[in-house]
Amino acid sequence: MASVIISPCSSSLTAISRAKNNDIVCKFNAHANILASCFVKALLFDCDGVLVDTEKDGHRISFNDTFAEMELGVTWDVDLYGELLKIGGGKERMTAYFNKTKWPEKAPKSEEERKDFIASLHKRKTELFMVLIEKKLLPLRPGVAKLIDQAFAKGVKVAVCSTSNEKAVSAIVSFLLGPERAEKIQIFAGDVVPRKKPDPAIYILAASTLEVKPSSCVVVEDSAIGLAAAKAAGMKCIVTKSGYTADEDFLNADAVFDCIGDPPEERFDLAFCESLLEKQYVN
């Protein structure tokens, strides 16, 4: 009868080989996961000052026209409105201004009635603002459409996260970006969250709704309060300075530019956004 000799070393070598293979597979999977994490899953834009430089010749004019229609005797000049922009939200802005100065004679006296009064002013202001947008009197900022198209081409989700009224934001997206882009863009705006920027609530809501991790999102903002909201949500944030925000403190931003830009004057693209996420995984 033939004898079979089993070397004790052979089983040990097999075990070592399997362990090495498992280690290689684990390292490969870990590397693959890191690479997957480097891809942007969602691109989140602020609206005013990012998609369109709306504040000075859009919202401010619409506020003043509303005040004039109501004969309130109030006018917000360019410098004053720049200070008021530190307050997120149009209704909040008007309330803070009237509390600090004085309420118009036509305003009601009780707090609850004043809320309704502010809401009615803001509704009319939004109507006037939408006329400006529908007439396309305020153009998109350079590079916005390009960056959004790059995101769509790579399957990246796109959303607009703004403290402005939802109807106003929708009008900007629909009329200036066009219906084909608009139907793919999710909008989070106005009173969709109880606390506005610099609170991160709107960005946290966007990530949750889009079913993406905050760490895989890149935000494009133009203001210090927007930057603070994005960073507090755990997201990368690129600042594109606007007319009113050029001198604000953006030390905490991941990158700062004057605009997104179109070729041949392009400042950054989707590949640059992805490079920001890659840095999270470099020791």
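Here is a walk through this structure, starting with the whole chain and moving on to the sheet and the helices around it.

What you're looking at is a predicted model, in which local features need pLDDT of at least 70 and side-chain atom pairs count only at pLDDT 80 or more, while totals for chains, interfaces and linings use all residues. Residues are numbered from 1 along each chain as its sequence is written, and side-chain values use heavy atoms, with hydrogens and water left out.

Let's begin with the overall picture. The chain has eleven helices and six strands; both are DSSP runs numbered from the N terminus, with helices being H or I over at least four residues and strands being E over at least two. Of its 283 residues, 45% count as buried, where buried means under 20% relative accessible area, exposed means over 50%, and partly exposed lies in between, using a 1.4 Å probe and protein chains only. If you take the contacts (heavy atoms within 4.5 Å) between residues at least 6 apart in sequence, 67% of them join residues at least 24 apart.

Now for the sheet. It is open, has six strands, and runs in the order β3-β2-β1-β4-β5-β6 with parallel pairing; two strands pair if DSSP finds at least two bridges between them. At the edges sit β3 (185-189) and β6 (255-257), each of which pairs on one side only. From one strand to the next, the twist averages 20°.

A good place to zoom in is β1, residues 42-45, which runs parallel to β4, residues 217-221, and is joined to β4 by four bridges. Ala42 is the residue that stands opposite Cys217 in β4. Four bridges also join β1 to β2, again running parallel, and here Phe45 has Val160 of β2 as its bridge partner. Carry on outward and you find β2 and β3 paired in the parallel sense over five bridges, with Ser162 partnered by Ala189 in β3. As for β2, this strand is mostly covered, since five of its six residues are buried.

What packs on this sheet? Helix α6 (residues 144-153) does, touching β1, β2 (157-162), β3 and β4, and its direction makes about 155° with that of β1. Helix α7 (residues 166-177) packs there too, touching β2 and β3 and making about 155° with the direction of β3. These axes are lines fitted to C-alpha atoms, for helices over the stretch in contact, and the angles run from 0 to 180 degrees between N-to-C directions.

Let's stay with α7 for a moment. At its start, a side-chain oxygen of Asn165 reaches to within 2.8 Å of the backbone nitrogen of Lys167. Buried residues in α7 include Ala168, Ile172 and Leu176, and among the elements covering the buried residues of this helix are α5 (111-134), α6 and β2. Just after α7 comes Gly178, with a positive phi of about 95°.

Helix α9 (residues 201-210) has its own buried residues, including Ile202, Tyr203 and Leu210. Their cover includes β1, β2, β3, β4 and α10 (224-232). Right after α9, Glu211 takes a positive phi of about 60°.

Finally, a word on the cysteines. The structure holds zero disulfides, a disulfide being a pair of cysteine sulfur atoms within 2.5 Å. Why does Cys47 count as buried? Cys47 does so because its relative accessibility is 0%. Cys273 is buried as well, with a relative accessible area of 0%.

Terms used. Polar contact = N/O pair within 3.5 Å; in protein donor to acceptor, adjacent residues only side chain to side chain.
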